[in-house]
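Please open the model in your viewer and keep the selection panel at hand. The stops below go from a helix pair to the nonpolar cores and then to the cysteines.

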Amino acid sequence: MEFSKIFIILFIFQVLFPCNMSTQAAPANSNLFREYIGAEFNNVKFSDVPINSNVEFHFILSFAIDYDTSGSPSPTNGKFNVFWDSDNLGPSQVSSIKSSHSNVKVALSLGGDSVGDGSAYFNPSSVDSWVSNAVSSLTDIIRQYNLDGIDIDYEHFNADPDTFAECIGQLVKTLKKNGLISFASIAPFDDDDVQSHYKALWKSYGDLIDYVNFQFYAYDQGTTVSQFINYFNTQSSNYNGGNVLASFISDGSGGLTPENGFFTACNRLKSQNKLHGIFIWSADDSKRNGFRYEKQSQALLAISH
């Protein structure tokens with residue numbers, strides 16, 4: 001009888017106080033490596049990039065943008081077009097790299113910093129119309145390229161955080177429900193306006209976001225190892241329960257660079273069971289140094305995690 005009472009009390013407690021994102025156990029170490037590719041049109045190819053067979057590898061095509069492709073691009077309310085180097089990174093190349101490497105998946109990133117000579121704005125006419133257009137246009141691109149996931153990298157906004165959250169959340173939910181993608185990520189950085197939009201998305205739809213590609217390289221050039229760890233812990237708190245990835249920019253223009261201790265920081269995170277993966281911006285820039293740090297990143301991740 002007492003056991004029944006306890007069971008009923010526990011059941012009621014669970015109904016009244018269900019687990020949510022804020023109470024999830026932190027993710028563990030992972031062997032996930034991700035790299036953005038194709039934004040700079042310098043003829044980089046998937047096959048140029050070294051791929052370690054002992055990691056999970058994601059290429060992220062940069063970018064698909066809901067702007068037209070005219071000489072002076074303007075917003076199209078969710079009707080996405082390809083703005084990456086599709087001559088070198090087309091459907092046949094996607095098929096080839098995935099056939100050659102069973103551990104490779106390919107995603108596309110939405111938005112980015114700029115389009116043409118201006119900033120790329122998230123600029124919906126309404127939630128319903130934007131979502132409808134986005135689902136339709138991205139379904140076509142995802143099927144044409146046989147892609148596996150999407151990344152959200154809008155950095156400029158002509159909409160409030162709640163509108164952004166609903167548009168992106170409904171888009172990801174629909175693409176997953178329709179079996180078009182198996183993962184989704186977001187790519188915020190430490191800017192008040194940017195964070196307000198992505199944190200609103202996380203609050204409402206965080207359960208649909210598999211990875212947080214936090215742009216740690218947007219912090220000041222000359223970031224130290226201890227500063228990087230502090231930044232990482234802060235953002236892990238902002239995106240509580242999420243797979244926040246460590247990151248650097250391969251041209252060395254910001255954040256903690258490999259030369260100044262990035263891999264030291266990663267090893268420290270790994271010892272704390274917090275290294276959920278590494279991503280790099282970008283293969284385009286890494287081409288000139290022979291992808292040295294892609295090799296080093298993957299070697300670190302491939303060690304038993």
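A crossing is left-handed if the near helix is turned anticlockwise from the far one by less than a right angle, and right-handed if clockwise. This is a predicted model, in which local features need pLDDT of at least 70 and side-chain atom pairs count only at pLDDT 80 or more, while totals for chains, interfaces and linings use all residues. Residues are numbered from 1 along each chain as its sequence is written, and side-chain values use heavy atoms, with hydrogens and water left out.

Select helices α3 (residues 127–145) and α4 (residues 161–177), helices being DSSP runs of H or I with at least four residues. The crossing of α3 and α4 is right-handed. Contacts (heavy atoms within 4.5 Å) join the two helices, with Trp 130 and Leu 138 among the α3 residues involved and Cys 167 and Leu 171 among those of α4.

Next, show the largest nonpolar core, a set of buried Ala, Val, Leu, Ile, Met, Phe, Trp, Tyr and Cys residues joined through side-chain atoms within 4.5 Å, where buried means under 20% relative accessible area with a 1.4 Å probe, protein chains only. This core has 81 residues, and Trp 130 and Leu 110 are among those touching the most other members. Helix α3 gives the most to this core, with eight residues. Apart from it lies another core of 17 residues, including Ile 60 and Trp 281.

Now pick Leu 110: beyond its neighbours within four places in sequence, its contacts include Phe 63, Leu 138 and Leu 171.

Finally, select Cys 167, buried at 0% relative accessible area, and Cys 266, also buried at 0%. A search of the whole structure finds zero disulfides, a disulfide being a pair of cysteine sulfur atoms within 2.5 Å.

Methods. Buried means under 20% relative accessible area, exposed over 50%, partly exposed in between (1.4 Å probe, protein chains only). Axes are lines fitted to C-alpha atoms, for helices over the stretch in contact, and angles run from 0 to 180 degrees between N-to-C directions.
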